[in-house]
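Let's take a relaxed walk through this model together, starting with how its helices pack and then turning to the two ligands.

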Amino acid sequence: MKLLAGKTVLVTGASTGIGRAAAVGVAQAGADVVINYHSRDDDAAACVAEIEAAGQRGLAVKGDVAAPETATEFVTKAVEAFGKVDVMVSNAGICPFHSFLDMPVETVQRTMQVNLLGGYFMCQAAANQMVKQGHGGALIAVSSISALVGGEYQTHYTPTKAGLHSLMQSTAIALGKHKIRCNSVLPGTILTEINKEDLADVEKRKYMEARIPLGRLGQAEDLAGPIVFLASDMAAYVTGAALLVDGGAFVNLQ
Ligand SMILES: NC(=O)C1=CN([C@@H]2O[C@H](COP(=O)(O)OP(=O)(O)OC[C@H]3O[C@@H](n4cnc5c(N)ncnc54)[C@H](OP(=O)(O)O)[C@@H]3O)[C@@H](O)[C@H]2O)C=CC1
Ligand SMILES: C[C@H](O)[C@@H]1OC(=O)[C@H](O)[C@@H]1O
């Protein structure tokens, strides 16, 4: 039997990148999948087509995670379509690289609202539904290696990733009595739209690659297996954990 057979999994920010790879990965593991996205209608439709090609039901719901009502609407539509919510993968995020001293106020506020508050409200809405259902569930936040280390042009971003990591630790305590497990994945540098411009700098890209013991930057699909594992009953006793998925970058001091 497939690892996620019979489960309904929600994934935010799944029109591209890590969210899309996670949505397709959980579908291949047997889950029905509801995705959130912000702007790319065609990419979201293509993700749903991939979910269906894996033999599962898929639905796309458009919405800005920065607005708290997006979360309640997303969960409501998922329940209307597929009857329940078993897993929330809170993944949507932005990283507009910018220097610290002249960081625009709006860039800081938007990054916090999308990455941290968006994740907070999505996890809260899913957890309320899971408590109502009464049979537990799993929250998975896509945090980052950046929860643990800094970035010169990411002073507004790394605190949001540390915040998500912390959120999963606190919700693990708050929700354990409801059998809801809460964990985060901490990707390293993964080649997606979010860093296309940043890594177009050939020297920077070579430097980043050279820091990774496994010898390559990550692909979005590298996150699918760890997310399927944390969503599944194989991780039944795993909560409050943070799983680095970085090719060994974090431990590579010298
Ligand atoms: N790539 C990397 O190296 C790393 C990424 N991460 C994290 O992984 C997550 C996914 O990033 P990644 O796949 O790389 O980036 P992408 O840019 O490829 O994907 C981002 C996704 O988030 C969605 N999104 C953006 N803003 C919003 C919003 N306000 N409301 C709803 N959805 C939104 C986008 O939707 P749309 O395109 O429709 O606008 C898209 O589906 C982020 O949280 C990021 O911080 C963590 C560590 C490393
Ligand atoms: C977008 C960056 O390339 C990426 O985001 C993260 O969270 C990683 O730490 C990388 O810096």
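Helix 4 and helix 5 of this predicted model are roughly parallel to each other, because their axes cross at roughly 15° and angles under 35 degrees count as roughly parallel. The two axes come within 9 Å. Helix 4 is made of residues 105-133, while helix 5 covers residues 158-175. As for handedness, helix 4 passes helix 5 in a right-handed crossing.

Helix 1, residues 17-28, is worth a look too, since two pairings involve it. One partner is helix 2, which takes in residues 41-53. Here the axes are 9 Å apart and the packing angle is about 20°, which makes helix 1 roughly parallel to helix 2. The crossing of helix 1 over helix 2 is right-handed.

The other partner is helix 7, residues 224-231. How do helix 1 and helix 7 lie relative to each other, oblique or roughly parallel? Their axes come within 9 Å and cross at roughly 55°, so the two helices are oblique to each other. Helix 1 passes helix 7 in a right-handed crossing.

Now for the ligands. Around ligand 1 there are 33 residues, and S39, R40, N91, Y157 and T192 come nearest. By type, this shell divides into twelve nonpolar, 16 polar and five charged residues. Helix 1 appears again here: together with strand 2 (32-37) and helix 4, helix 1 is among the elements that each supply at least two residues of the shell.

Ligand 2 has a shell made up of F97, S144, I145, S146, Q154, Y157, G188, I194 and N195. Four of these residues are nonpolar, five are polar and none is charged. Y157 belongs to this shell and is also one of the residues that come nearest to ligand 1.

Which polar contacts do the ligands make? The table sets out several, each involving an oxygen atom of the ligand.

| Ligand | Residue and part | Distance |
|---|---|---|
| Ligand 1 | I18, polar backbone atom | 2.8 Å |
| Ligand 1 | I190, backbone N or O atom | 2.8 Å |
| Ligand 1 | N195, side-chain N or O atom | 3.2 Å |
| Ligand 2 | S144, side-chain N or O atom | 2.5 Å |
| Ligand 2 | Y157, polar side-chain atom | 2.6 Å |
| Ligand 2 | Q154, side-chain N or O atom | 3.0 Å |

For ligand 1, I18 and I190 are paired through backbone atoms, whereas N195 uses its side chain. On its own, ligand 1 has 900 Å² of accessible area, and the protein covers 94% of that.

For ligand 2, the side chains of S144, Q154 and Y157 provide the listed atoms. Taken alone, ligand 2 exposes 290 Å², of which the protein buries 88%. N195 links the two descriptions: its side chain lies 3.2 Å from an oxygen atom of ligand 1, and N195 is also listed among the residues around ligand 2.

Technical notes:
Residues are numbered from 1 along each chain as its sequence is written. Chains are lettered from A and ligands numbered from 1 in the order in which they are written. This is a predicted model: local features need pLDDT of at least 70, side-chain atom pairs count only at pLDDT 80 or more; totals for chains, interfaces and linings use all residues. Side-chain values use heavy atoms; hydrogens and water are left out. A residue is near a molecule or strand if one of its heavy atoms lies within 4 Å of it. A polar contact is a pair of N or O atoms within 3.5 Å; within protein, one must be able to donate a hydrogen and the other to accept it, and residues adjacent in sequence count only if both atoms are side-chain atoms. Accessible areas come from the Shrake-Rupley method with a 1.4 Å probe; for residues, only the protein chains shown count as cover. Ala, Val, Leu, Ile, Met, Phe, Trp, Tyr, Cys and Pro count as nonpolar, Asp, Glu, Lys and Arg as charged, and the others, Gly among them, as polar. Axes are lines fitted to C-alpha atoms, for helices over the stretch in contact, and angles run from 0 to 180 degrees between N-to-C directions. Helices (H or I, at least four residues) and strands (E, at least two) are DSSP runs, numbered from the N terminus. Angles under 35 degrees count as roughly parallel, over 145 as roughly antiparallel, 65 to 115 as roughly perpendicular and the rest as oblique. A crossing is left-handed if the near helix is turned anticlockwise from the far one by less than a right angle, and right-handed if clockwise.
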